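Colleague: Could you take a close look at one part of this model for me, the place where the two halves of the chain meet, and start with any charge pairing? I'm new to this, so please explain the terms as you go.

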Amino acid sequence: MKKLAYLFVGMIFGIGMFKSGAASWFRIYEMFQFDSFHMYGIMGTALTIAVIATQIIKKKNIKDFSGNPIIFTPKDMSIPRYLFGGIIFGLGWALGGACPGPMFANFGAGFYSIIFAIIGALLGTWVYGLVRKYLPH
């Protein structure tokens, strides 16, 4: 039953991404050209909601669906780590025309050529898994 709930939430998320324009290659292009505020507004809204939700989870000690406590592990601040990771992610986003969430929304909407970006993202994740132990964390 939980898997159906996850599938339903994922479908609602995908529909929201598509209807808001966040899955549109043209909107992403406008964002990278600084021609439109649309995508920055979507990301800013998502960030604001995530910060508020995180604070509520921490203050109320909310548990996950299985009853386990939700634990937020602090991350080490590393400018090179986030700078290089952000550059790689941004380049993939710009070249592929979508970040991971909208890629699947586009595929579900019938834009099947996005499968090349999905395969590239999966291969990149697989390569990262191979070299992770050699990278500074």
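Modeller: Sure, a definition to begin with: a salt bridge is a side-chain nitrogen of Lys or Arg within 4 Å of a carboxyl oxygen of Asp or Glu. This is a predicted model, so local features need pLDDT of at least 70 and side-chain atom pairs count only at pLDDT 80 or more, while totals for chains, interfaces and linings use all residues. Residues are numbered from 1 along each chain as its sequence is written, and side-chain values use heavy atoms, with hydrogens and water left out.

Searching the whole structure turns up one salt bridge. Glutamate 30 makes a salt bridge with arginine 27, and their closest N and O atoms are 3.3 Å apart. Both sit in helix H2, three residues apart, about one turn of the helix. (Helices are DSSP runs of H or I with at least four residues, numbered from the N terminus.) Glutamate 30 counts as partly exposed because its relative accessibility is 27%, and arginine 27 is partly exposed too, at 29%. Here buried means under 20% relative accessible area, exposed over 50%, and partly exposed in between, with a 1.4 Å probe and protein chains only.

Now to the meeting place itself. An automatic or database assignment sets the domain bounds, giving domain 1 (1-72) and domain 2 (74-136). Their centres, taken over C-alpha atoms, are 17 Å apart. As for contact (heavy atoms within 4.5 Å), 13 residues of domain 1 touch 12 residues of domain 2.

Buried area is the accessible area (1.4 Å probe) that two parts lose on being put together, summed over both. For these two domains that comes to about 860 Å², with 77% of it on carbon and sulfur atoms. The rule finds zero salt bridges across this interface. On the side of domain 1 that touches domain 2, helix H1 (2-20), H2 and H3 each give two or more residues. The residues on that side split into 12 nonpolar, one polar and no charged. In that count, Ala, Val, Leu, Ile, Met, Phe, Trp, Tyr, Cys and Pro are nonpolar, Asp, Glu, Lys and Arg are charged, and the others, Gly among them, are polar.

One last stop, in the loop between helix H2 (25-32) and helix H3 (38-60): that's where you'll find phenylalanine 34. Its phi is near 55°, a positive value in a residue other than glycine. Phenylalanine 34 counts as exposed because its relative accessibility is 67%.
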